[in-house]
Structures are given as structure tokens and as C-alpha cells.
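Got your viewer open? Load the model, pick a cartoon style, and keep the selection box handy.

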Amino acid sequence: MSIMFPAEIKCSMCGTVSVHDEMISTSTFGTTDLDTRPPEVKRSTMYSWVQACPECGFAYRKLSEKAAVEKSFLSTQEYKTCDGISFASELARDFFRYHLILSAENKTEKAFWALLSSSWACDDVNDTQNAVLVRNRAIHLAEILMESHSMPKKNVETISLIRADMLRRTSQFEELLEKYEYVEYSEQLLNQILAFQKEMARNRRPERFTVQDAEEYFEEDSDEEKKEVILGKRDELFSQAVEIMIQEGGISITILQRKLRIGYMRAKRLVIAMEALGIAECENGRYKSKIDMENWEILKKINPI
Ligand SMILES: [Zn+2]
């Protein structure tokens, strides 16, 4: 669980006092996403990683901290309009503005992380278009960092691997395969994650995966069916498929194919994943739901798919 404490913070730019939740402690359960986004519960504390002043729009890690930019920076067109990006999420906007300030302060590495957080906040509200825009900007920053020779090797490797994920998440599959053809890292796990990224790029899969997905995919005893489960539960149509099954009281692969207008293999993957997750049971080729809509809603909240 996470412990939050509401605190009154005075904006270092305009002096306005506003209330912000400050994180006392949090915990995590499970492995991170391939772009290092933490699992729950920490995942849901993202709103406390940046503070924005309701009066002047200053966005910083802590509003009481002094930034190395003048107050006039907040009135620039670039800052006010987020360089022309109209975000669906205020949190994504705040992280983006925080990144603009960090960039102006020449803190490129921190700016990169703020931008990455902005893309996560876009993901959370299904602001797909802006998630791509923000990831593309983050890719650019990652490349500046990788060429700057100012970071320890470990950080360079982490950022290089996150860039691979961002290329895949923005459907730049060929670029990923080309740029990473000869890349090798110092740790085995990192090489395994990269191999997984390439495999998913070859399969044209732009969705979110966790480190656990990558590990399981290459486990020695990992059979074909297990791989199908991993791909099926991450399929962007997974929720929709479960909901159709619940509403119809059961489905066959052919019905699912027709309803979702997808191929046989993809429909099969979806039902195999449902069965593996204990959501469905198979009887004579028909997949019946083991849960109702209410439980499905709860399940989705506990374990966002
Ligand atoms: Zn302010």
C-alpha cells in the first residue's frame, strides 16, 4: 500500500500555497514494465511525482524548490501550450511541462524521465496519439543521452533498452530491428529483454509488456502454449473479448473471430489466455465464463491488463 500525506506547499515562482499529496512510503508487487514503469501499488502514485501550481502553472518535483529558470519561462508559448500538444490528461501535461523546465536547466537525463512519465500518463487515459508524440520526443532525448558519454555505462544501457521499448510502442518495428541488430549488453537479463523486444517487433506487437513476460517467454520449459498466453493476455482486444464472452454466456473461437473481425490464431490466443487466467473454461470447443461482469470490473482494477 501507499501512505500519502497532504501538505501545503508554497510555489517558489508565485508564492501561491496549494495542497499536494506527498508520498511517505509505497510498495510494489510484481515486475516492472519493459520501460521501467513500476507495478502496482507504486504505479498509481504517479500523480505525486510532480507538483503543479494552480496559479502560475509551474510544474516541478516539489513546488517549493527553486528552479533555474525565470518566471517568464512559464509565459512562453512553448510552455503554455506544451509545444502545441493538447493533452487529455492533466498529469501528462504537468510531466511534460516539468520536462520542459528540466531541459531548460540542461538536466537532460531528468527531463528524459519526466517525459517518459508523461507518456505513461497518456497511456492511462488512452490518449494514444499523444503517447506516440511524447515517446518520439523521448526517443530523441534518449539518443542525445546515449551519445553524450556523460553517464555511467549502466545508465546508458538502461536508456538504450527503454528506447528499444519506445520504438516498439510507437510501431517503429523496422527501426528497432535495424538499430539493435548488433547491440549487446553487459547483463544477461538485459540481453534477454532485448531479444524479447526484437521478437515482439518481428510479430508487430506494440503493446505493453512486463519484465516477467520477457523472462517467461524464454524459459527453457516455456512451451508454445505458454507463449500464446503471454501474447493473448496482452492483446489490446483482450478486455473486449472477455466482455463478449460474459455477455453471450459463452463463445467459440469462430464466433469470437466474427465478432472482433480477427484471424483464427489471434482469436485462439485470446481464449487460451482467458482459460489460463481462470476466467473461462472450455467445454466441447465452447468457452464459458467463470466470472460475471461485476467481478471482471474488479479484476481489471486489481490487475490492469
Ligand atoms: Zn505558482
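## Starting at the end of a helix

Start by selecting His-149: it comes right after helix 4, and its phi is positive, near 55°. Keep in mind as you go that this is a predicted model.

Now step back into the helix itself and select residues 128-148. That is helix 4, with 21 residues. Put a distance label between its end C-alpha atoms and you get 30 Å, in agreement with the 30 Å that 1.5 Å a residue should give.

Which residues of helix 4 are buried? Show side chains for Asn-130, Ala-131, Leu-133, Val-134, Arg-135, Arg-137, Ala-138, Ile-139, Leu-141, Ala-142 and Leu-145. Two arginines, Arg-135 and Arg-137, are on that buried list. The cover over the buried residues includes helix 2 (90-104), helix 3 (108-124) and helix 5 (153-169), so colour those next.

## Over to helix 2

Select 90-104. Helix 2 has 15 residues and runs 21 Å from first C-alpha to last, close to the 21 Å expected at 1.5 Å a residue. How many of those 15 residues are buried? The count is 12, so helix 2 is mostly covered. The buried residues include Phe-95, Phe-96, Tyr-98 and Leu-100, and also Arg-93, Asp-94, Arg-97 and His-99. Their packing partners are strand 3, strand 4, helix 1 (77-80), helix 3 and helix 4.

Slide just past the end of helix 2 to Asn-106, which has a positive phi of about 65°. This residue sits in the loop between helix 2 and helix 3. Buried or exposed? Asn-106 counts as exposed because it has 9 C-beta neighbours inside 10 Å, where 12 or fewer is the cut-off.

## Into the core

Next, select Phe-58, Phe-95, Tyr-98, Phe-112, Leu-115, Ala-138 and Ala-142 and show them as spheres. They have the most contacts inside the largest nonpolar core, which holds 54 residues. Strand 4 (59-60), helix 2, helix 3, helix 4, helix 5 and helix 7 (188-202) each put at least two residues into this core. Which helix gives the most? Helix 3 does, with 9 residues.

Zoom in on Phe-112. Leaving aside residues up to four places away in sequence, Phe-112 touches Ala-138, Leu-141, Ala-142, Leu-145 and Ile-159. Four of these you have met already: Ala-138, Leu-141, Ala-142 and Leu-145 are buried residues of helix 4.

Apart from this core lies another one, of 19 residues. To find it, select Phe-238, Leu-256, Ile-279 and Ala-280, which are among its members.

## Two domains

Zoom out and colour 3-222 as domain 1 and 228-302 as domain 2. Their centres, taken over C-alpha atoms, are 31 Å apart. What meets at the boundary? There, 7 residues of domain 1 are in contact with 4 residues of domain 2. On the domain 1 side, the touching residues are 5 charged and 2 nonpolar, with no polar ones.

For a feel of the distances involved, draw a line from Ser-18 to Ala-280. They are 262 residues apart in sequence and 48 Å apart in space, C-alpha to C-alpha. Ser-18 lies in strand 2 and touches Ile-9, Cys-53 and Pro-54, not counting residues up to four places away in sequence.

## Backbone oddities

Most residues other than glycine have a negative phi, and most peptide bonds are trans. Here are two exceptions to click on.

- Ser-171: its phi is positive, about 60°, although it is not a glycine. Look for it in the loop between helix 5 and helix 6 (173-179). Ser-171 is partly exposed, with 14 other C-beta atoms within 10 Å.
- Glu-40 to Val-41: this peptide bond is cis, with omega near 10°. Val-41 lies in the loop between strand 2 (17-25) and strand 3 (51-52).

## The whole view

Finish with everything shown. There are 13 helices and 6 strands, and the C-alpha trace spans about 70 × 45 × 35 Å along its principal axes. The radius of gyration is 22 Å, which agrees with the value near 19 Å for a compact globule of 305 residues. Colour by burial and 33% of the 305 residues come up as buried. Of the contacts with a separation of 6 or more, 54% join residues 24 or more positions apart.

Terms used. Residues are numbered from 1 along each chain as its sequence is written. This is a predicted model: local features need pLDDT of at least 70, side-chain atom pairs count only at pLDDT 80 or more; totals for chains, interfaces and linings use all residues. Helices (H or I, at least four residues) and strands (E, at least two) are DSSP runs, numbered from the N terminus. The expected span of a helix is 1.5 Å times one less than its number of residues. A residue is buried if 20 or more other C-beta atoms lie within 10 Å of its own, exposed if 12 or fewer, and partly exposed in between; C-beta atoms are placed from the backbone. Two residues are in contact if their C-beta atoms, placed from the backbone, lie within 7 Å. Domain bounds come from an automatic or database domain assignment. Ala, Val, Leu, Ile, Met, Phe, Trp, Tyr, Cys and Pro count as nonpolar, Asp, Glu, Lys and Arg as charged, and the others, Gly among them, as polar. The radius of gyration is taken over C-alpha atoms; the globule rule is 2.2 Å times the number of residues to the power 0.38. A nonpolar core is a set of buried Ala, Val, Leu, Ile, Met, Phe, Trp, Tyr and Cys residues joined through C-beta atoms within 7 Å.
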